[in-house]
Amino acid sequence: MKKILVTGGAGFIGANFVRYVATHHPEIQITVLDKLTYAGNRANLAGLEGNRVKLVVGDVTDRLLVNQLVAGVDAVVHYAAESHNDNSLRDPDPFMQTNIIGTYEILEACRHHHVRLHHVSTDEVYGDLPLTGAPAFTPDSPYQPSSPYSASKASADMLVRSWVRSFGLEATISNCSNNYGPYQYIEKFIPRQITNILMGQRPKLYGTGQNVRDWIHTDDHSSAVWEILTRGRLGETYLIGANGERSNQAVLEMILKQMDQPSDAYDRVADRPGHDLRYAIDAGKLRDELGWEPTYLDFDAGLAQTIDWYRTHQDWWLTDKAAVEQGYAMNGQ
C-alpha cells in the first residue's frame, strides 16, 4: 500500500488521521477529499500539503470525481460524514446525502477499481444504554439509532456489509466512541466548554449532566484505524474505545479545575433533544486480534493537552465562536 484516499480528511477526526499517517508512515502518499463545509477546515492540514499530502476540494457524492480519485489509490479510508446530532434534527437532508449517498458512491468506486476500503463509523448506531447495569456495546450489539445522524451512519454501515457479501468488496468497519483532542469544531461539548472559559463566559451543562460518554483521544482513534486498515480481517467490524466513561458533569468539572475555575462555575441549560443516556465500548476484539492499546490512558493528561491546544490556537476558532454560541442561545442552550 503506497497511496491512500482519505475522505473527510480536513475534518476533526480525519485530519488527525492524516497527521498520524504522515508522521508515522512517511512513505504513504495521501490524497484528501473534503467538501470544506463549516466543520472541514483547510487549516487542519496546515504544514502537511505538499508532495505527500494533496487536498482535493469536492463532494463524496460527486461520482466522476470519486471514481477518478479512487482509481489512483490502493485504499480508501472513509471518514466523510455530517456528524452533529443537533444539526440532523434541524435539517436531516445533508446527512442523508453525505452519509448514505456519499458512502454508496465510495462503495461503487472501490468495487469497480478493486480498491480496499475502511469505513469509519460511530458507536451511536447502537443507540444508548441505561446509566447503570448494562454491558458495553460489542460488534454483535443490535443497531438502534435514535437520530437522523445515527440512522444515516447505521444505513452506511449496512451498505458496506452488503457490498462485502454481495460483491466481495475488501472492506472493514470501525465504530468508535466519542473523540476529543485538537482541531475539534467548537460546537462539540469539550471544545465548547474550553473556549467559553477562555472567552470569559460561563460554560454550559445540558440537562442533568449525568449523560455518559466513552471518551478516546483522537490520536488513539487514528492508530486503531491504521491497525485495522493494514491488519484487520476483511469483512469484519471492530469497535474502538479506551474505557473512558465519564458523565458530562464530571468532564465539565475536570475542565473547570484544570482552568483554575470553581467547580460549580457553569450554567445549566436546556437538554439536547433526544439526548442519548450512555455510550460504552467493548474494544476487546480489537485488542485481542490486533494487539492495539490506547496511548492516552490518563484522561486528565489528555484533557490538559487539549485545553492547552485551544489556548494556544485561538486564531483557529475565535472567528466562529460568536456564531456558534448564538445558535445555541436560540435553542436555550
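Strand E2 gives the largest share of the lining of the second largest pocket, with three residues. This is a predicted model, and that pocket is a good place to start looking around. The second largest pocket holds about 220 Å³ of space. Its lining is made by 13 residues, and those closest to the centre are Lys3, Gln29, Thr31, Gly72 and Val73. Four elements each give two or more residues to this lining: strand E1 (3-7), strand E2 (29-34), strand E3 (53-57) and helix H2 (63-70). Sorted by class, the residues of the lining are five nonpolar, five polar and three charged.

From here, turn to the aromatic rings. A search of the whole structure turns up 15 aromatic pairs. One of them joins Tyr183 and Trp309, with 4.7 Å from centre to centre and 55° between the planes, which is a tilted arrangement. Tyr183 sits in the loop between strand E7 (178-180) and helix H6 (189-198), while Trp309 belongs to helix H10 (residues 299-312), so the pair links distant parts of the chain, 126 residues apart. Both of these residues, Tyr183 and Trp309, are buried.

Tyr183 has a second partner to meet. Its ring and that of Trp316 have centres 6.0 Å apart and planes at 85°; because an angle over 60 degrees counts as edge-to-face, this pair is edge-to-face. Trp316 is in helix H11 (residues 314-330) and Tyr183 is in the loop between E7 and H6, so this pair ties together parts that are 133 residues apart in sequence. Trp316 is buried, and Tyr183 is too. The picture widens with Tyr310: Tyr183, Trp309, Tyr310 and Trp316 form one aromatic cluster.

What is the phi of Tyr183 near? The value is near 75°, which is positive in a residue other than glycine. Tyr183 has a relative accessible area of 12%, and because buried means under 20%, this residue counts as buried.

Asp260 also has a positive phi, of about 60°, although it is not a glycine. Is Asp260 buried or exposed? With 70% relative accessibility, Asp260 counts as exposed, because the cut-off for exposed is over 50%. Its place is the loop between helix H8 (248-258) and strand E12 (267-269).

Rings also meet charges in this model. The table lists two cases in which a charged end sits over a ring.

| Charged residue | Ring | Distance from the ring centre |
|---|---|---|
| Arg111 | Phe167 | 3.9 Å |
| Lys285 | Tyr238 | 4.9 Å |

Next comes a residue within a helix. Ser222 is found in helix H7 (residues 218-231). At 0% relative accessibility, Ser222 counts as buried. How far apart in space are Ser222 and Pro148, C-alpha to C-alpha? They are 26 Å apart in space, and 74 residues apart in sequence.

Finally, a word about the record. The unreviewed UniProt entry carries the annotation "domain: NAD(P)-binding", which covers residues 5-304. In the model, the span of residues 5-304 is 39% helix and 18% strand, and its end C-alpha atoms lie 32 Å apart.

Technical notes: Residues numbered from 1 in each chain as written. Predicted model: local features only at pLDDT ≥ 70, side-chain atom pairs only at ≥ 80, totals over all residues. Heavy atoms only, no water. Phe/Tyr/Trp six-rings, centres within 6.5 Å; stacked < 30°, edge-to-face > 60°. Buried < 20%, exposed > 50% of the residue type's maximum accessible area, 1.4 Å probe, protein only. Lys NZ or Arg CZ within 6 Å of the ring centre and 35° of its normal. 1 Å grid on protein atoms, 1.4 Å probe; cavity = no way out; pocket = protein on both sides within 12 Å on 5 of 7 lines; lining within 4 Å. Points joined across faces, edges and corners; volume = space filled by probe spheres on them. Nonpolar A, V, L, I, M, F, W, Y, C, P; charged D, E, K, R; others polar. UniProt positions renumbered as here; feature names shortened; annotations may be inferred.
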